[in-house]
Amino acid sequence: MCGIVGLFLKDPALEPELGRLTAGMLATMSDRGPDSAGFAVYGAGQAGQTKLTLRGPSATAIEETVAEIEDAFPGAEASLHDTHAVVALPDQEVEALVKWLEREATDTEIVGRGTRMEIFKEVGLPSSVAERFGLASMSGTHAIGHTRMATESAVTTDGAHPYSTGNDQCLVHNGSLSNHNNLRRELKREGLEFETENDTEVAAGYLTWRMREGLSLGDALKVGLDDLDGFYTFVVGTENGFGVLRDGIACKPAVMAETDQYVAFGSEYRVLATLPGIEQARIWEPEPATVYFWER
Amino acid sequence: MPEVDLDVTPLRELNAALHRLTPETNERHWVIDHPAGRHAIASGLNVPITVEINGPVGYYCAGMNKLATVVVNGSAGVGVAENMMSGFVHVAGDASQSAGATGRGGLLRIDGNASSRCGISMKGIDIVVQGSVGHMSAFMAQAGNLVVFGDAGDSLGDSIYEARLFVRGGVKSLGADCIEKEMRDEHKRAIHEVLTRAGFDGEVDPNEFKRYGSARKLYTFNVDHAGEY
Amino acid sequence: MDATPRTTPRKSATFDDYTLSEIRRAAASGIYDIRGGGAKRKVPHFDDLLFLGASMSRYPLEGYREKCATDVWLGTRFAEKPLHLKIPITIAGMSFGSLSAQAKESLGRGASQMGTSTTTGDGGMTEEERGHSTILVYQLLPSRYGMNPDDLRRADAIEIVIGQGAKPGGGGMLLGQKISDRVAEMRTLPKGIDQRSACRHPDWTGPDDLEIKIQELREITDWQKPIYIKVGASRPYYDTALAVKSGADVVVLDGMQGGTAATQEVFIEHVGLPILGAIRPAVQALQDLGMHRKVQLIVSGGIRSGADVAKALALGADAVSIGTAALVALGDNDPLYENDYQDLGTTAGAYDDWHEGRCPAGITTQDPGLAARLDPVLGGRRLANYLSVLTLETQTIARACGKSHVHNLEPEDLVALTVEAAAMAKVPLAGTDWIPGSKSDR
């Protein structure tokens, strides 16, 4: 199963601390999920530019791939983070790069895409994953993170959350779906592709599909309550904030804290205990079958 | 009066020390600092001492409590006082899911709100909640009294046995086989008795509560009620 | 002209006599059929496996003089006081309530005599049981009937029950006929009603929260006792891996032939795997995590003879558990009571309406008159005899395979008689190299 953390900053003064606070929350969640970890950070973006987060099989491999990308796409700016790289380039060149990657770098995967969102995920203990990618020094307006204890699918990086559901959108999940295999087959017929047997990947694909068909993320989550069977606490990252949804039975935990400075989410209260001003925070638990959003 | 800082002393050491106490101990009042949401703090106590915890606790605080008084000056995570046998647990803040789960005796008082499944499968514990309780509270509740000053969420008392539920506010919906029942003098006395033990001194009027309990239609399987199983 | 001959009357394999009677019963009552026991229909089982005894390349051990040890340590991962059993066969969890007090006492006496453990069931620990069992495992079930910290502390190990083979995903069931005064008091239920039981634990769901629950149980018992997790055979690879990740000391895996006191017939026969197919995946999970022999595996569900014990150990289990077989040893379904079985509309060997509480052998009943038929001292002796035979048989086979400890039995000592058994146990079809569905290294 898993641990989820989320932090949405209302106070711009805390933005340089986003990474450090999120890294602290992730480390506390190791017990719930020692197998792999991942996080999405929403930092600075530039209008007209898209960031692609790429993941390669090794730090050397991704470095080579990035060098080739910079040759082929002079407008691209890249930063390297261990096995991941963030490549920023003008919006109109993105499709070309995607096709280029499919042809020239089949071992490189696009884990995230958007104006502001960057996603990093790997196998290993949450604190080492956070360290490898330098989470503690990242800044931004909001972040969600996840620690994984694999239930029915393998412990591989592909099985790690967050899963991207669209531009600047991603999903993390604590729980276990019970009808994801049927759903996966239906979504494949709708043209979606899946890399793993993981139930969360199906949930992410489901939301992506619903939004492709015209629903907002909030409405997609709402109809998801009927279509997705099982136990789940979902946290979704969006360009401007994050959303939370628990299934109708709501057995999987979810704790929220709000102050003037932030809204935070954790699978256990322990995770929130290190946040500034937590003693005065309003602490509550989201109701079952209710979609919540916090956005700027 | 021992004072223990959980940022310094490992939890396992604290609990072991508490378990080593005998009923004649002089160390009758313990103060715990910096709980920081840790789990199973003061669980398995079995002597009549008082343990005061300054801050929020994680899951299963005061789990299986016997004879002791545990005060949480903060909020409590999942399963506070789960399977309590006797004694008194007082949560000054809110309580998460399954507060008092399967409790067999003693008294649990929550000053804030309790989340879903408050009193689930209770077997004799008395629970007083000043705030509201969440959905599926008193699910399969077998015995004991649940007194709620505020509201109750969906499916209150689903599949209830003989526990008595008293709610002063509104009930969003009742669960299978749970119905509103007549409030008689004996019930008002029971409320008063539980509240007095919980430390209330007449501020709350038992007359303002409604009683909920088992319709007893599920006690013997009947095909006409198959939908409720 | 002669009349046209008729064809021979032919019954349907699909709508056989049993099925026809069940449909009639359903139509008459409007309620599903409830019974005790495990899966009765034929499924691939240990009978489909054979041992390769000593020959030119392997040499046997002499009986008696050359030892073949049978002891097993359970709970070595985290517990301060792991259990040391003399034989790798334990008595599975069965409740006081489903069984009579005399039956529970018999089990305790017999197990203690042989240096092994018994297990409480969905009703809590009785004084008699604690008194008569030298090693007692205490179950923590979704219902939490009778659960209390004193019993937790005087138990020798704690078994968290997620499910059992007969009904993985189902809760306990005890009907009004067996909710006597004493049972009602232990379970805090009104006397004579039908007990409804929860199928999920009240204060945790999922291995991430189970990890925290285990932590609590360890704190309450000062980290002394081994903590077992029991699951019905369902997704044995993942279930075992998750049990390890949650922090268990021992995994108990119960196949579909494992018995229950009472549940729906369809649950027993159509949910859960035969134990034969569950052991290798569970062992694989332990090996993948580097935990084989460090987190012990106990398997159950249709263990009947020392051959079954030996085969389970050869496939990688550390021990087995018996339930149904133990009750048979005490006298359940004994032809001695055939007249009584006939009165109940059944016959010796077929009796499974244990939920009605009218067991002629005094085992699955709360009726004092019937229960008195079981003499606990005699019952204990019979169980001890049976356990002794199981152990001797296991040793006989192990010695024939050249093993000085039964734990040294390994999959390579086995072959299969059928393709299904070969695939499920991942051992070759007898006389061939072929393991269906596997790559060559197993």
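A salt bridge is a side-chain nitrogen of Lys or Arg within 4 Å of a carboxyl oxygen of Asp or Glu. The legends below describe close-up views of a predicted model.

**Figure 1. A salt bridge joins Glu82(B) to Lys213(C) across the interface of chain B and chain C.** The closest N and O atoms of Glu82(B) and Lys213(C) are 2.9 Å apart, and the interface of chain B and chain C holds four salt bridges by the rule. Helix 1 of chain B supplies five residues, the largest share of the side of chain B that touches chain C. In addition, 18 residue pairs are found in polar contact across this interface, both residues of each pair being at pLDDT 80 or more. In total, 40 residues of chain B are in contact with 40 residues of chain C. The two chains bury about 3300 Å² between them, and carbon and sulfur atoms account for 55% of this area.

**Figure 2. Helix 1 of chain B lies between strands of its own chain and helices of chain C.** This helix, residues 11–20, lies across strand 1, strand 2 (29–33) and strand 3 (50–54) of chain B, and runs at about 175° to strand 2 of chain B. Helix 1 of chain B is mostly covered, with seven of its 10 residues buried. The buried residues are Leu11(B), Leu14(B), Asn15(B), Ala16(B), Ala17(B), Leu18(B) and His19(B). They pack against strand 1, strand 2 and strand 3 of chain B, together with helix 4 (149–154) and helix 6 (207–220) of chain C.

**Figure 3. An open sheet of 11 strands is formed in chain B.** The strands follow the order 1-2-3-4-5-6-7-8-9-11-10, and their pairing is mixed. Strand 1 (3–5) and strand 10 (178–181) of chain B each have a single partner strand, so one side of each is left without a neighbour in the sheet. On average, neighbouring strands of this sheet are turned by 15° against each other, direction ignored. Strand 8 (residues 143–148) and strand 9 (residues 164–167) of chain B pair in the parallel sense over four bridges, and Leu146(B) stands opposite Leu165(B) in strand 9 of chain B. Helix 2 (residues 185–198) of chain B packs on the sheet and touches several strands, among them strand 8, strand 9 and strand 11 (210–214) of chain B. The direction of helix 2 of chain B makes about 75° with that of strand 7 (123–129) of chain B.

**Figure 4. Strand 5 of chain B is covered on both faces.** In a regular strand the side chains alternate between the two faces of the sheet. Phe88(B) and His90(B) lie on one side of strand 5 of chain B, Val89(B) and Val91(B) lie on the other, and all are buried. Strand 4 (residues 69–72) of chain B runs parallel to strand 5 of chain B and is joined to it by four bridges; here Val70(B) has Val89(B) as its bridge partner. Strand 5 and strand 6 of chain B also run parallel, joined by four bridges, and Phe88(B) stands opposite Leu107(B) in strand 6 of chain B.

**Figure 5. Seven strands of chain A form an open antiparallel sheet.** The order of the strands is 7-2-8-1-14-13-15. The edges are strand 7 (117–123) and strand 15 (282–284) of chain A; each has a single partner strand, so one side of each is left without a neighbour in the sheet. From one strand to the next the twist averages 10°. Strand 1 (residues 2–9) and strand 8 (residues 142–148) of chain A run antiparallel and are joined by seven bridges, with Leu7(A) opposite Ala143(A) in strand 8 of chain A. Helix 1 (residues 18–28) of chain A lies across strand 1, strand 2 (36–42), strand 8 and strand 14 (262–266) of chain A, and runs at about 160° to strand 1 of chain A.

**Figure 6. His84(A) is buried in chain A.** His84(A) belongs to strand 5 (residues 84–90) of chain A and has a relative accessible area of 0%. The side chain of His84(A) makes a polar contact of 3.0 Å with the side chain of Thr83(A). Residues that His84(A) touches include Thr53(A), Arg55(A), Ile62(A), Phe120(A), Glu122(A) and Phe133(A).

**Figure 7. Chain A and chain B meet without salt bridges by the rule.** Here 16 residues of chain A are in contact with 13 residues of chain B. The area buried between these chains is about 970 Å², of which carbon and sulfur atoms give 47%. Tyr269(A), Arg270(A) and Glu285(A) lose the most area to chain B in chain A, together 44% of what that side buries. Nine residue pairs, both at pLDDT 80 or more, are in polar contact across the interface of chain A and chain B.

Key. Residues are numbered from 1 along each chain as its sequence is written. Chains are lettered from A and ligands numbered from 1 in the order in which they are written. This is a predicted model: local features need pLDDT of at least 70, side-chain atom pairs count only at pLDDT 80 or more; totals for chains, interfaces and linings use all residues. Side-chain values use heavy atoms; hydrogens and water are left out. Two strands pair if DSSP finds at least two bridges between them. Helices (H or I, at least four residues) and strands (E, at least two) are DSSP runs, numbered from the N terminus. Axes are lines fitted to C-alpha atoms, for helices over the stretch in contact, and angles run from 0 to 180 degrees between N-to-C directions. Contact means heavy atoms within 4.5 Å. Buried means under 20% relative accessible area, exposed over 50%, partly exposed in between (1.4 Å probe, protein chains only). Buried area is the accessible area (1.4 Å probe) that two parts lose on being put together, summed over both. A polar contact is a pair of N or O atoms within 3.5 Å; within protein, one must be able to donate a hydrogen and the other to accept it, and residues adjacent in sequence count only if both atoms are side-chain atoms. Lists of a residue's contacts leave out its neighbours within four places in sequence.
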